Each structure stands twice: as C-alpha cells, then as structure tokens.
Amino acid sequence: MQGVLSGFAVIAVVIGVGYAIGRRGYLGGQGREVLTKLAFHVASPALLFTTLAGADLSVVFSTRLLVTALGTAAVAGVFVAVGVVRRWGVGRTTIGALCAGYVNSGNLGIPIAVYVLGDASLVAPVLLFQLVGVTPIAVTILDLTTGGSKRPLWQRLLTPLRNPIALGSLAGVAVSAAGVRVPGPVMDPLTLIGNMSVPAVLLAFGISLRGSTLPLRGGERAPVLLAVGLKTVAQPLIAWALAAWVFGLRGAALLDVVVTSALPAAQNLYTYASTYRVGEVLAREAILLSTVVSVPGLVVVAAVLG
C-alpha cells in the first residue's frame, strides 16, 4: 500500500513541476507539444519495446486483457443505448462511447504502470487492443456517418498500425515470441531513450493544466456527465466485478486490471473528434473532467486493492 501511494506521489510531484514550468514559460509556447511528440514518437515506443522484448507473453496476454475488453464493451454499449434514446446522432454517440471506455493507456497509463504497478508491460495489451481493435471500428463508423477524410478506407483502417507506440509494442512482442536476445549495444541506447518517456509525458501533462477551461458550461452537459460517470466509476467497477467474481483474479492481478480500467479517457480522442468535426466539445470536456476525477479514484482503488 505504501509503495502504491508513493508511486502516485511521484507522479503528482512531476506533474506539479510541469505545471510550474508552464506557468513560468521556461520551455516557451511549444514546450508541451515538443515533450508530447518526444514521448509519443521516440521515448514511449522505446520503453515498450525494451519492456516487452523480455516479457513473459503468457502474463501479458492473459485474462486481464479479456476483462478490460469486456468492461470497455459494456460501458460503450450503455452510452450507445442512451445516445440512441436521446437521439444524439451516430457520430456524436460514437465519440461519447469512446470517451466512456477508451482509457489513456499511453500518456498516463505508462507512468502509472511503471510507478504504481511496477511493470510497463501491463499497459501494452490494452494499448494494442485499443489501437488495433477499437480504433478501426470507431474510425469506420465516423467515416461512414460524417464523410471523414478523403483517403481510401483501407488506408484509414491501417492508421493505428502506423502509430509509433503500437509499432514499438508489436516489435517487442515479436522479439519476445521469437526468443531473440537483443544485443547490449542495441538494447542499452533504447533503454536510455525509453527512460525519458515517463518524465516527458508527466511534464507535458502538467504544462497542459495551465489555462484549461472549466467543463460543463455548454450544451454538452448530459453526454459529458454520462461519459465521465461511465469512465471513472462504472468501468472500474465492472472490471472489478468481472475480475474478482467471474475470472477469480486476486492480489496484484486484480489491482492491475482495475487500475487500468480506472484510467481517464485518452487525450487522442479529441484528435478524432476534431478531425471528423463531431463531438469536439464533448470529447474535450469529457477528457479533462475524467482526468481530474480519475486521480482520487485511482488512489481509492490502490488503497482498497493494493
């Protein structure tokens, strides 16, 4: 328990430093963007590759991933049902369903996996499930209902496979499955680069908190509250119920799956909303609010199950 709370304390301190950097303007107007791109395109792929290359795949792809997938489907289904009844529209409902169940497995998932769960590989299966499974389905629906981008559909469906984090994870899984031992001169630089991932992500997140507008002041109040409630309360509760009572998970395995499900909505969902010009306010407010609410929720989960 003390180790879990210490992990959250480390994360909070680094985020606070990022916020102070943002207020002081030490990194200029593009500091957050540079740190985010560094983490997304370079450091996080390196971290996941080096972690997964030596991981036990029977642990990585286990019942925990099934629990997360079922929980995601459950909360997304609830949002879709309400969206149909309230006539929120297909595109808007799709964005809301993503906000209800698509966890921030990259920006916050990796740091939490490292400092709270003690293993970055625990977040990789969820990340791959979302990028390779959930994203193509959502993108196809948005394309068919909003007009979408002008690129051919097959190119849009393959977009997740061009994601650097997904490629780093897949490469690590491939190396582990093949039983290949990566030479030290190759692995050591990748490890050093990967060590930048967590601090870069947390500093960027701290910088982003400066100047954020308050949510729930517009016409999207109902779908935002529904998405946030499903994301921060319903999804971790469903994950706990499935893991503990259906699949019999206990101890660290139970903590891992519930913490993963309690992560807030992913920040890249706003990119999808803005690209297709649908549900932009819903995405922005749901991401911000779920991020704020998830912090005490994660602490409670860690306190109860840790």
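Right after helix α9 comes Gly179, a residue with a positive phi, near 70°. That makes a handy starting point for a walk through this predicted model. Helix α9 itself covers residues 164-178, and its 15 residues should span 21 Å at 1.5 Å a residue; the C-alpha atoms at its ends are 21 Å apart, so expectation and model agree. Many names appear on the list of buried residues in α9, including Pro164, Ile165, Ala166, Val173 and Val175. Gly168, Ser169, Gly172 and Ser176 are buried there too.

Now for the wider view. The protein has 15 helices and zero strands. Its chain holds 306 residues, and 49% of them count as buried. If you take the contacts between residues at least 6 apart in sequence, 82% of them join residues at least 24 apart.

**Three residues to look up**

Another positive phi belongs to Arg87, at about 55°, although Arg87 is not a glycine. You will find Arg87 in the loop between α4 and α5. Is this residue buried or exposed? With a relative accessibility of 77%, Arg87 counts as exposed, because the cut-off for that class is over 50%.

Ala265 also sits in a loop, the one between α13 (251-261) and α14 (269-276). Here the relative accessible area is 0%, so Ala265 is buried. Which residues does Ala265 touch, leaving aside its neighbours within four places in sequence? Its contacts are Cys99, Tyr102, Asn104, Lys231, Ile287 and Ser290. Ala283 lies 18 residues from Ala265 in sequence, and the two C-alpha atoms are 8.9 Å apart in space.

For a residue within a helix, turn to Thr50 in α2 (residues 31-53). Thr50 has a relative accessible area of 18%, and it is buried because that value is under 20%. Its side chain reaches the backbone oxygen of Leu47 at 3.0 Å. Apart from neighbours within four places in sequence, Thr50 is in contact with Met187, Leu190 and Thr191.

The table puts the three side by side.

| Residue | Place | Relative accessible area |
|---|---|---|
| Thr50 | helix α2 | 18% |
| Arg87 | loop between α4 and α5 | 77% |
| Ala265 | loop between α13 and α14 | 0% |

**Spaces in the model**

Rolling a probe the size of a water molecule over the atoms shows where empty space is left. The second largest pocket holds about 390 Å³ of space. Of the 23 residues that line this pocket, Ala76, Val80, Thr94, Ala97 and Ile141 are the closest to its centre. Which helix gives the largest share of the lining of the second largest pocket? That is α4, with eight residues. Helices α4 (63-86), α5 (90-101) and α7 (124-146) each supply at least two residues of the lining. By class, the pocket lining has 15 nonpolar, seven polar and one charged residues.

There are enclosed spaces to explore as well: the structure holds two cavities of 30 Å³ or more. The second largest cavity has a volume of about 40 Å³. Its lining is made by Gly109, Ile112, Ala113, Leu117, Leu122, Val123, Thr260 and Leu263. Helix α6 (residues 109-117) gives the largest share of that lining, four residues. Sorted by class, the cavity lining has six nonpolar, two polar and no charged residues.

Key. Residues are numbered from 1 along each chain as its sequence is written. This is a predicted model: local features need pLDDT of at least 70, side-chain atom pairs count only at pLDDT 80 or more; totals for chains, interfaces and linings use all residues. Side-chain values use heavy atoms; hydrogens and water are left out. On a 1 Å grid over the protein atoms alone, a cavity is a set of points where a 1.4 Å probe fits but cannot get out, and a pocket is an open set with protein on both sides within 12 Å along at least five of seven lines; lining residues have an atom within 4 Å of a point. Grid points are joined across faces, edges and corners, and a volume is the space filled by probe spheres set on the points. Ala, Val, Leu, Ile, Met, Phe, Trp, Tyr, Cys and Pro count as nonpolar, Asp, Glu, Lys and Arg as charged, and the others, Gly among them, as polar. The expected span of a helix is 1.5 Å times one less than its number of residues. Buried means under 20% relative accessible area, exposed over 50%, partly exposed in between (1.4 Å probe, protein chains only). A polar contact is a pair of N or O atoms within 3.5 Å; within protein, one must be able to donate a hydrogen and the other to accept it, and residues adjacent in sequence count only if both atoms are side-chain atoms. Contact means heavy atoms within 4.5 Å.
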